[in-house]
Every structure is written in structure tokens, then in C-alpha cells.
Amino acid sequence: MIFDSHAHYDSEAFDPDRETLLADVLPAAGVARVVNCGSDEATSRFSLALAEQYDYIYAACGVHPHEAQASGRFSETPLLPLLAHPKCVAVGEIGLDYHYDFSPRDLQKEWFEGQILLANRLHKPVIVHDREAHADTWQLLARHRPAGVVHCFSGSVEMARDVLNAGLYIGLGGAVTFKNARVPVEVARFVPLDRLLLETDCPYMTPVPHRGRRNDSTLIPLIAARIAAVKQTDEQTVLAAAAQNAARLFGVPL
Ligand code: NI
């Protein structure tokens, strides 16, 4: 039972074989559910189109911090019809990225906060991107207390404790398999099995031993196996727990 809680099959990296991959390869490998995350209006629409085409795919719609600049001042108007779609299960991905700083930080915060408030009003969870912006991300999450997940979690164990205490889930992906993954492994050890989501963030974040190649949801078991080793349990237990958690958070039947 593979539930990939965070993928980008709209990416041009999948243009050559998207249909074969989504219609055949993923289901044959046991991929049962995927949440495809938009990054702006166009990719959110693309995510919904994939969700309409494939039963097992669901969509998250939102504006990523990288796209805040191109999207102008925050407005919920273009997002509302997307979020009303029956297969849109979350507002995402949204957040702050001070590593690349592709958008001015004030504008990133405006979009992040606006979309958290929108999610709260619509009773939808958020899918949060936080890259080198832990303090500001946590400040807005603590202030508004949305339901959701901090995806590709890159904070410390201390931040993980805060995030869990706020009722949020923690998303772990390929980074836990990297050779130098000290903190992600500590976080994997710390997060209880009932608060963990598995994700690819594909086409990015390909797990070991496939680094350098395109990522996809069939590689989720490698992440589960690494987490299972850290937690001294087995891969199937991690896969099953993560699937149950994602189903609960996103309101998706298994
Ligand atoms: Ni992503």
C-alpha cells in the first residue's frame, strides 16, 4: 500500500512518458494513492486534470513561494474555484523558501498567511514547504494552527516536536536515505508512526541508490525501508501507517 503524499507529475520531466507511468507503471508497482501538488494556478489546474483522469490521484492547489512573485499580490479569487473541486484535498504547496529567495520575503509571507487562512476557512489541510525559513514558517503555523503537513521536513528535532504538538504531520522523503542525512534520520526516529507521511516530491529528491535519476512514486518503499530500519520495525508497517495517516489527513478513502 503506497500512498505518495507529495508529487509533481505535472512536471515537464514526465512529458515523455506521463501516460504510461500513471496508467500502468505506478498501479502495477502498488501505488494506491498520490496527491499531486500545484505550485501556481496553471500547475494546480494540471493537478486537477490528472485527478479527473486517474481515480487514484488527488490534487492540492496553491501558490508556492517561488511563484509568489509572478502571481502578484495575494488574492484568493483565482484559487477558490480550484479549491472547490471535489478531488482537491489540500491547499498546497504553500510556504516560505529563503534558500532560493525567488520571491521577496514579504510577498512570500503574504501568500503563505493568506492561503493558511483560506485553508482554515474551507476546512482543508495545508501542505507546507519550508526551506531555510523555519522561524517564520513556525510563527505563522503557530499563529493560525491549520491542519496539515510540513513536507520534506528539514527542521530539527526541536521544531519537529513543536510541529507535532500543533497537530501537524511530518512528511519524509528521499532525504532520509542520503549518506549525510544526520538530522532527517534523527527526525525519522523521533516522529511517531501515526504522524508520519511518506512522499517523493518527484521528479526531485530521488532516494539512494537511484540519485541522479528521475524520482517517482514506485521508489517510496526505499524511503519506508530506511525509516523502518531507523525505527526498528519493518517496511510494510511504515508503508501502512503512512497510508492510513495520509488518508486521515486528506479525507481520502483507502
Ligand atoms: Ni514539492
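Donors are taken here as N, O and S atoms within 2.8 Å of the metal, and water is not among the atoms, so sites may look incomplete. With that in mind, the nickel site is a good place to start in this predicted model. The nickel ion has as its protein donors His-6 (NE2), His-8 (NE2), Glu-93 (OE) and Asp-201 (OD), which lie 2.1 to 2.3 Å from the ion. Along the chain, these donors follow the spacing H-x1-H-x84-E-x107-D. The arrangement is irregular because the four donor atoms subtend angles of 85 to 174° around the nickel ion. A tetrahedral site would need all angles to lie between 85 and 135 degrees.

Two of the donors can be placed in their surroundings. His-8 sits in the loop between strand E1 (2-7) and helix H1 (18-28), while Glu-93 belongs to strand E4 (residues 88-97), so the pair ties together parts that are 85 residues apart in sequence. His-8 is buried, at a relative accessible area of 6%, and Glu-93 is buried too, at 3%.

Helix H1, at the far end of the loop that holds His-8, has a clear inner side. Its residues Arg-18, Leu-21, Leu-22 and Leu-26 are buried. Around the axis they cover an arc of only 85°, which puts them on the same side of H1. The face turned away from this buried side carries the exposed residues Glu-19 and Ala-28. Among the elements covering the buried residues of H1 are strand E2 (31-37), helix H2 and strand E3 (57-61). After H1 comes Gly-30, with a positive phi near 90°.

A residue distant in sequence also reaches this region. Ser-217 lies in the loop between E8 and H9, and a relative accessibility of 0% means that Ser-217 counts as buried. Although Ser-217 and Leu-22 are 195 residues apart in sequence, their C-alpha atoms are 9.8 Å apart in space. Beyond its neighbours within four places in sequence, Ser-217 is in contact with Ile-2, Asp-4, Tyr-9, Leu-26, Val-31, Val-34 and Thr-200.

The nonpolar interior comes next. In soluble globular proteins, nonpolar side chains tend to be buried together. Here the largest nonpolar core has 69 residues, of which Tyr-9, Phe-153, Ile-170, Leu-172, Leu-198 and Ile-227 touch the most other members. For Ile-170, leaving out residues up to four places away in sequence, the residues touched are Val-149, Val-150, Phe-153, Ala-160, Val-163, Leu-164, Val-187, Val-191, Arg-195, Leu-196 and Leu-197. There is also a second, separate core of 16 residues, including Cys-37, Val-149, Tyr-169 and Ala-243.

Val-187, one of the residues touched by Ile-170, leads to helix H8 (residues 182-190), where Pro-184, Val-185, Val-187 and Ala-188 are buried. Viewed down the axis of H8, the buried residues fall within an arc of 160°, so they line one face of the helix. Arg-182 and Arg-189 are exposed on the face of H8 turned away from the buried side. The cover over the buried residues of H8 includes helix H7 (157-165), strand E7 (169-172) and H9.

Turning to charged pairs, the model contains nine salt bridges, among them one in which the side chains of Asp-17 and Arg-214 meet at 2.9 Å, N to O. Asp-17 is in the loop between E1 and H1 and Arg-214 in the loop between strand E8 (196-198) and helix H9 (220-231), so this pair ties together parts that are 197 residues apart in sequence. Asp-17 counts as partly exposed at 25% relative accessibility, as does Arg-214 with a relative accessible area of 28%.

A local pairing joins Arg-45 and Glu-41, whose side chains form a salt bridge of 2.9 Å, N to O. Both residues lie in helix H2 (residues 41-53), four residues apart, or about one turn of the helix. Arg-45 is partly exposed at 45% relative accessibility, and Glu-41 is partly exposed at 35%.

Another salt bridge links Arg-73 with Glu-110, again with the closest N and O atoms 2.9 Å apart. Arg-73 lies in the loop between helix H3 (65-71) and helix H4 (80-83), and Glu-110 in helix H5 (residues 105-122), so the pair ties together parts that are 37 residues apart in sequence. Arg-73 is exposed, at a relative accessible area of 63%, whereas Glu-110 counts as partly exposed at 23%.

Terms used
Residues are numbered from 1 along each chain as its sequence is written. This is a predicted model: local features need pLDDT of at least 70, side-chain atom pairs count only at pLDDT 80 or more; totals for chains, interfaces and linings use all residues. Side-chain values use heavy atoms; hydrogens and water are left out. Donors are N, O and S atoms within 2.8 Å of the metal (3.2 Å for Na, K and Ca); water is not among the atoms, so sites may look incomplete. Four donors count as tetrahedral if all angles lie between 85 and 135 degrees; four count as square planar and six as octahedral if opposite donors are over 155 degrees apart and all others between 65 and 115; anything else is irregular. Helices (H or I, at least four residues) and strands (E, at least two) are DSSP runs, numbered from the N terminus. Buried means under 20% relative accessible area, exposed over 50%, partly exposed in between (1.4 Å probe, protein chains only). A nonpolar core is a set of buried Ala, Val, Leu, Ile, Met, Phe, Trp, Tyr and Cys residues joined through side-chain atoms within 4.5 Å. Contact means heavy atoms within 4.5 Å. A salt bridge is a side-chain nitrogen of Lys or Arg within 4 Å of a carboxyl oxygen of Asp or Glu. The arc is that of the directions from the helix axis to the C-beta atoms.
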